[in-house]
Amino acid sequence: MENKKILVTQPVMPPLDEFVKSLEKIWESKWLTNNGQFHQDFEKALADHLGVKYVSLFSNGTLALISALQVMRITGEVITTPYSFVATTHALRWNGIKPVFADIDPVTLNLDPKKIEAAITPKTTAIMPVHVYGNPCDVVAIKEIADIYGLKVIYDAAHAFDVDINGNSVLNFGDMSILSFHATKVFNTIEGGAIICNDEATKKRIDYLKNFGFAGETKVIAPGINAKMNELQAAYGLLQLDSIDDSIAKRKIVADTYKKCLKDITGISFLNDMDGVKHNYAYFPIFVDSKEYGKSRDALYEELKSHNIFGRRYFYPLISQFPTYSGLPSASAGNLPIAERITKEVICLPIYPNLKLCEVNEIVNYIYNFKSV
Ligand code: T4K
């Protein structure tokens, strides 16, 4: 173990021989991108697998987020979480929208509905929550607020592939949801992403926008972008659907092992499964209470690195703490107390289907032993 690096994640890849068979078909057809056969098949298979109405594939999750805001014609101010990957807020800025940060709930680490309501102004047009680590937001309370104030809801569901609430995909809530299929995600197409929506007319508009705004050979309906997924990625993604259930089942075993072994270490806490939710175990964040644990989060992070265990401090710093956003009124110190505490405590431990349980035990041992040094 000392010589082997354990990274925060390791991508699942399809069997090479199966992928080569798909590549042969692509070489034969000479159809490489622009809504080819694999693209069409993958969209249908994904919608089926996820239990959603419409899927539009994208070249990555960030372009899907940027395009979703364009499709919904969102302007003015959008309420969002500071506790996410920077792409969430960058997508707003790329649309000329002012991000308004609201604090998170201390249990789910997602936008706190009460804080959303308090941040609404006459310029607010939408809410962009994130199902962080794949844990669902309070979708019912968010819908209630959106309905009362006439706001759109665009979920950044980059972490929430195959997450269900009472048997219904979390992607079916809100006006749209965005997925990321980056190499580091539970389900990957190397790079990739998707927008999930509920009606055919919206899907059509999304598909125009991701293809420069073309609605036919000579008609351009909007300043679209090039955000299309190519045939190689779509073929790869189609094969990935064969192993996703097994991957998530193996991730659950890793997560359960961590929980069992970490529960008695004072000063270390973790997130528990939520009632009625089918989780995907995308990440395994732990939270270091430095007073109780006796060492700081950063000291533990460095200690693990010294043993070749490369966790990540997702999400540190907060998005609101990056210089490009820290001047916003909603980013000011004291407005986001829960997020400011959590960002100082978090380390995401390695989790992926092929992580061995003996490796999980060793990681926990390092955490345990460091406490008593
Ligand atoms: N919204 C949210 C909430 C997101 O989390 C993200 C992306 C997005 C939107 C945007 O979606 P995309 O446009 O990315 O589709 C990573 C990912 O690049 C990023 O996709 C992800 N969120 C974010 C949370 O994490 P980094 O900078 O930490 O990645 P990197 O390259 O350091 O990789 C992390 C670890 O994964 C490495 O230590 C090793 C391992 N790895 C990585 C790659 C790329 C591999 O083993 N193989 C690989 O090919 O951002």
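Buried means under 20% relative accessible area, exposed over 50%, and partly exposed in between (1.4 Å probe, protein chains only).

The model shown is predicted: local features need pLDDT of at least 70, side-chain atom pairs count only at pLDDT 80 or more, and totals for chains, interfaces and linings use all residues. Residues are numbered from 1 along each chain as its sequence is written, and side-chain values use heavy atoms, without hydrogens or water.

**View 1. Helix α9 and what covers it.**
Helix α9 spans residues 244-262. (Helices are DSSP runs of H or I, at least four residues; strands are runs of E, at least two; both are numbered from the N terminus.) The helix has 19 residues. From its first C-alpha to its last, α9 reaches 27 Å, close to the 27 Å expected at 1.5 Å a residue. (The expected span is 1.5 Å times one less than the number of residues.) The buried residues of α9 are I244, S247, I248, R251, V254, A255, T257, Y258, K259 and L262. Among the helices that cover them are α2 (37-50), α8 (231-240) and α13 (357-371). The cover also includes the strands β11 (268-270), β13 (284-288) and β15 (346-349).

**View 2. D245 on helix α9.**
D245 belongs to helix α9. The residue is exposed, because its relative accessible area is 54%. D245 touches H49 and D162, leaving out residues up to four places away in sequence. (Contact means heavy atoms within 4.5 Å.) D162 is 83 residues from D245 along the chain. The C-alpha atoms of the pair are separated by 8.9 Å.

**View 3. The ligand and its shell.**
There are 26 residues around the ligand. (A residue is near a molecule if one of its heavy atoms lies within 4 Å of it.) T62, D156, H159, S180 and Y314 come nearest. Helices α3 (61-71) and α4 (87-93) each supply at least two residues of the shell. Helix α3 gives the most, with three residues.

**View 4. Polar contacts of the ligand.**
G61, S180 and R312 each place an N or O atom beside an oxygen atom of the ligand. (A polar contact is a pair of N or O atoms within 3.5 Å; within protein, one must be able to donate a hydrogen and the other to accept it, and residues adjacent in sequence count only if both atoms are side-chain atoms.) For G61 the atom belongs to the backbone, and the distance is 2.9 Å. For S180 the atom is in the side chain, 2.7 Å from a ligand oxygen. For R312 the atom is also in the side chain, and the distance is 2.8 Å. Taken alone, the ligand exposes 920 Å², and the protein buries 75% of that. (Areas come from the Shrake-Rupley method with a 1.4 Å probe; for residues, only the protein chains shown count as cover.)

**View 5. Y293 and its surroundings.**
Y293 sits in helix α10 (residues 290-293). The residue counts as buried because its relative accessibility is 1%. Residues up to four places away in sequence aside, Y293 touches I265, T266, G267, I268, V288, L300, I367, F370 and K371. The side chain of Y293 reaches the backbone oxygen of I367 at 2.6 Å. F370 is 77 residues from Y293 along the chain. Their C-alpha atoms are separated by 9.3 Å.

**View 6. T202 in helix α7.**
T202 is part of helix α7 (residues 200-209). At 17% relative accessibility, T202 counts as buried. Setting aside neighbours within four places in sequence, T202 is in contact with V71, M176 and C197.

**View 7. Two cis peptide bonds.**
Most peptide bonds are trans. Here a cis peptide bond joins Y314 and F315, with omega about 10°. Another joins Y316 and P317, with omega about -10°. F315 lies in the loop between β14 (309-310) and α12 (337-345). P317 is found in the loop between β14 and α12 too. Y314 is also one of the residues that come nearest to the ligand.

**View 8. Positive phi at L109 and I190.**
Most residues other than glycine have a negative phi. L109 is not a glycine, yet its phi is positive, about 70°. L109 is placed in the loop between β4 (98-101) and α5 (113-119). At 2% relative accessibility, L109 counts as buried. I190 also has a positive phi, near 75°. The loop that holds I190 runs between β9 (176-180) and β10 (193-197). I190 is partly exposed, with a relative accessible area of 44%.
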